[in-house]
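Please consider the structure shown here with regard to its cysteines, its nonpolar surface and its pockets. A short briefing on these topics is set out after it.

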Amino acid sequence: MASKEVSTGYIKKKVSEDKLMVQERPNLYDNVNKQFTKAADLMGLDANVRKILQTTSNEITIHFPVKMDDGQIEMFTGYRIQHNDVLGPYKGGLRYHPSVDIDEVKALATWMTWKGAIVDIPFGGAKGGIAFDPSKYTNNELERITRRFTFALGNNIGPEYDIPAPDINTNAQIMAWLLDTYLSTIPPHVRQSCTHVVTGKPIESGGSIGREKATGQGVVFTIEEWAKDNNFNLSDATYIVQGFGNVGSWVSRILNSHGSKLLAVEDVTGAILNYEGIDPDDLASYVNEHRGVKDYPKAKPINHETFFQTTADIFIPAAMENQITAETAPWLNVKLVAEGANGPTDIDGDKVLEERRIDLIPDILCNSGGVIVSYFEWLQNKRSEFWELEEVDTKLRKKIINAYAKVRKTANEYDIDWRTAAYIVALSRLEKVYKERGIFP
Ligand code: NAD
């Protein structure tokens, strides 16, 4: 029977004449558990703390109806997973994507706990998502889906309890709808003190200057530290980026302002290459208009494999998880992988990068700029303050390079890879807190 493999991102479909079979994709939560176990074993994490951190606290699944523009009702499934709140309120993004399922959201929530611990902010870990493809819905439908899900979440979110933020396919507008719905459903006399129920809001609705670019800015701050450590000059570096949404486009714009050259970009619509360099501002305008990099006239189209094989100094995955695998990691011709995305490298991919001595700045450190500036937004809302961009960027840089230094020190002390070192930094802080506070009763 004729069959061929079609790659649609990280879900491989085997298409045959009489059936469409979706191949099991790697379970993201298994990846997290393997990463966790490796670090916990190495550092000798307390056995009881281990049991707690290996488990998510609350797993909320909500099936909810939404009226479409044609008057028909469609059912949606959304999740909010709260992993751990020992360091502070649950915190994490909200993702709209067909691949969203409970294990993906559990993995993403768990990573948020580690992130908060590494960068020393008073937040725990959570994540949410709705399993659907937002590109197939109108703006009005997206608004109703967002509002209905927020309403259904009710008191499972809150400014001092669980604070959502943007992630894949969600943006400041979606956060504004979420904010408005939450505020509309609580008593009027507390409304004005609750705008910090969500971060990544539009500036006019209480957002922070610098939040939109924060994740990309943080990625670049960590790349700058790596460059210093390696006597590497970013002003004539080359880089390739997977994903040209919020994170990928901001990393590109900021790296370009350092003189680095963007050679290739891949997104969900295809991949492009230009050895002369791609102007990120120009590409961002194109992507805005055409919803992807496909057919960008100032670069040539390339396939997935050629994109991964492009020789460059730095690769920034800023799209989906499980992209750097046993299959794709051997293709890479780069010195550094800086993980803008969450979970872009699977366990096998990690092994190949290590064997090939390709440096890695792991996601839970590299992309933590988003949650750091979300923390700043939350603080500004609580204090009724508005900080200038310079203040936000200076504070972000300080936080993320402190975290970078801790991870570097731990990697050197244990003589281990940077992902495991980042885990050890996070787990050590959490272990300390559990030991100080004990377990109730
Ligand atoms: P986004 O929706 O703005 O952009 C996602 C990009 O990925 C798009 O360009 C899309 O075309 C591309 N993409 C999707 N599927 C793809 C595939 N199969 N192959 C290639 N490209 C594909 O999302 P974002 O906010 O930029 O998030 C990107 C990654 O960064 C995610 O892993 C997210 O969890 C992580 N992250 C985001 C933030 C944030 O503040 N937005 C913070 C930390 C981490």
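The points that follow are grouped by topic.

The model is predicted. The number of disulfides in it comes to 0. A nonpolar patch of about 210 Å² lies on the surface, and the second largest pocket holds about 640 Å³ of space.

**Cysteines**
- A disulfide is a covalent bond between the sulfur atoms of two cysteines.
- With a pair of cysteine sulfur atoms within 2.5 Å as the criterion, the count of disulfides is 0.
- C194 has a relative accessible area of 9%, and C194 is therefore buried, the limit being under 20%.
- C366 has a relative accessibility of 0%, so C366 is likewise counted as buried.

**Nonpolar surface patch**
- I203, I209 and L389 make up the nonpolar surface patch of about 210 Å².
- One of these residues, I203, is located in the loop between α6 (188–191) and α7 (214–229).
- I203 counts as partly exposed because its relative accessibility of 40% falls between the 20% and 50% limits.

**Second largest pocket**
- The volume of the second largest pocket is about 640 Å³.
- Its lining consists of 28 residues, and those nearest the centre of the pocket are E354, I416, D417, W418 and R419.
- At least two lining residues come from each of α1 (28–43), α7, α11 (347–355), β15 (359–361), α14 (389–414) and α15 (418–437).
- The greatest contribution to the lining of this pocket is that of α11, with 5 residues.

Conventions
Residues are numbered from 1 along each chain as its sequence is written. This is a predicted model: local features need pLDDT of at least 70, side-chain atom pairs count only at pLDDT 80 or more; totals for chains, interfaces and linings use all residues. Side-chain values use heavy atoms; hydrogens and water are left out. Buried means under 20% relative accessible area, exposed over 50%, partly exposed in between (1.4 Å probe, protein chains only). Patches are made of residues with over 30% relative accessible area and no salt bridge: like charges are joined within 9 Å, nonpolar side chains (Val, Leu, Ile, Met, Phe, Trp, Tyr) within 5 Å. Accessible areas come from the Shrake-Rupley method with a 1.4 Å probe; for residues, only the protein chains shown count as cover. A salt bridge is a side-chain nitrogen of Lys or Arg within 4 Å of a carboxyl oxygen of Asp or Glu. Helices (H or I, at least four residues) and strands (E, at least two) are DSSP runs, numbered from the N terminus. On a 1 Å grid over the protein atoms alone, a cavity is a set of points where a 1.4 Å probe fits but cannot get out, and a pocket is an open set with protein on both sides within 12 Å along at least five of seven lines; lining residues have an atom within 4 Å of a point. Grid points are joined across faces, edges and corners, and a volume is the space filled by probe spheres set on the points.
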